[in-house]
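The following exercises concern one protein chain. Please study the sequence and the structure, attempt each task, and then compare your work with the solution.

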Amino acid sequence: MMIFLLAFIAFGCQNTSLHKTGDASNADSSKMVSTTAGKISILKSFYKETQEKMDTMDYGGFFANGYTEYGDGTMAPKVYATPDSLVIGYKQLCKIVPNNVAFDEEYFSGDSGKILVLATFTGTWNGIEVNGQKATNKSYKYKDADIWTLDANGKITSHRNVYPASAIYEQVGFIAHKK
């Protein structure tokens with residue numbers, strides 16, 4: 001659950017303030033998205049919708065079947081047969097940190113077809129408890145790098161990220177329970 005908190009803070013409930021883009025939930029999945037600009041546009045829509053629609057958005061509609069979450073590499077990759085469990089995790093995160101915000105986003109791409117999004121995240125753990133620990137009402141701020149892969153249909157197929165887990169725990173006063 002402790003990695004769950006950070007993994008989803010870093011990637012799930014990104015209340016991002018982004019540039020105006022098209023509504024990805026209305027995107028026709030039969031259209032091929034082969035350009036980097038098209039994939040970046042989809043990610044901008046994803047970030048925008050997580051801010052504006054939160055619990056009502058079609059969160060799962062952005063992900064492909066077989067989506068793989070690599071996180072920061074501290075845990076084994078997790079493959080989701082369908083996006084349904086991602087939706088459950090996203091809604092849980094919104095209950096833990098309802099005001100998670102990303103800003104100063106920058107988008108980069110290269111020959112690999114992956115899209116790198118750099119951003120600063122802030123929020124306050126003022127929601128539900130995690131691993132039996134009640135919310136501390138303390139805030140966090142950290143820089144993150146998200147690496148996204150999208151397929152030709154514009155669906156997210158994988159995610160990797162780099163973020164300072166221990167620094168976030170310290171900022172919010174989360175006590176990691178050792179087994």
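**Exercise 1.** In which sense do E4 and E5 pair, and over how many bridges?

*Solution.* A note on the source comes first. This is a predicted model, in which local features need pLDDT of at least 70 and side-chain atom pairs count only at pLDDT 80 or more, while totals for chains, interfaces and linings use all residues. Residues are numbered from 1 along each chain as its sequence is written, and side-chain values use heavy atoms, with hydrogens and water left out.

Step 1. Strands (E, at least two residues) and helices (H or I, at least four) are DSSP runs, numbered from the N terminus. Two strands pair if DSSP finds at least two bridges between them.

Step 2. E4 and E5 pair in the antiparallel sense, over 7 bridges.

Step 3. Phe103 has Thr120 of E5 as its bridge partner. The hairpin of E4 and E5 has 5 residues between the strands, and there Gly113 takes a positive phi near 85°.

**Exercise 2.** Determine which elements give two or more residues to the largest nonpolar core.

*Solution.* Step 1. A nonpolar core is a set of buried Ala, Val, Leu, Ile, Met, Phe, Trp, Tyr and Cys residues joined through side-chain atoms within 4.5 Å. Buried means under 20% relative accessible area, exposed over 50%, and partly exposed in between (1.4 Å probe, protein chains only).

Step 2. The largest nonpolar core has 20 residues, and those with the most contacts inside it include Leu43, Phe63 and Trp148.

Step 3. Two or more residues come from each of helix H2 (36-52), strand E2 (63-71), helix H3 (84-96), strand E5 (115-124) and strand E6 (139-150). H2 gives the most, with 5 residues.

Step 4. A second, separate core has 15 residues, among them Ile96 and Phe121.

**Exercise 3.** Are Asn100 and His159 buried or exposed, and which side chains do Asn100 and His159 contact?

*Solution.* Step 1. Asn100 lies in the loop between H3 and strand E4 (101-109). Because its relative accessible area is 0%, Asn100 is buried.

Step 2. A polar contact is a pair of N or O atoms within 3.5 Å; within protein, one must be able to donate a hydrogen and the other to accept it, and residues adjacent in sequence count only if both atoms are side-chain atoms. The side chain of Asn100 makes such a contact with the side chain of Tyr140 (2.4 Å).

Step 3. His159, in strand E7 (residues 156-162), is buried at 0% relative accessibility. Its side chain makes a polar contact with the side chain of Glu69 (2.9 Å).
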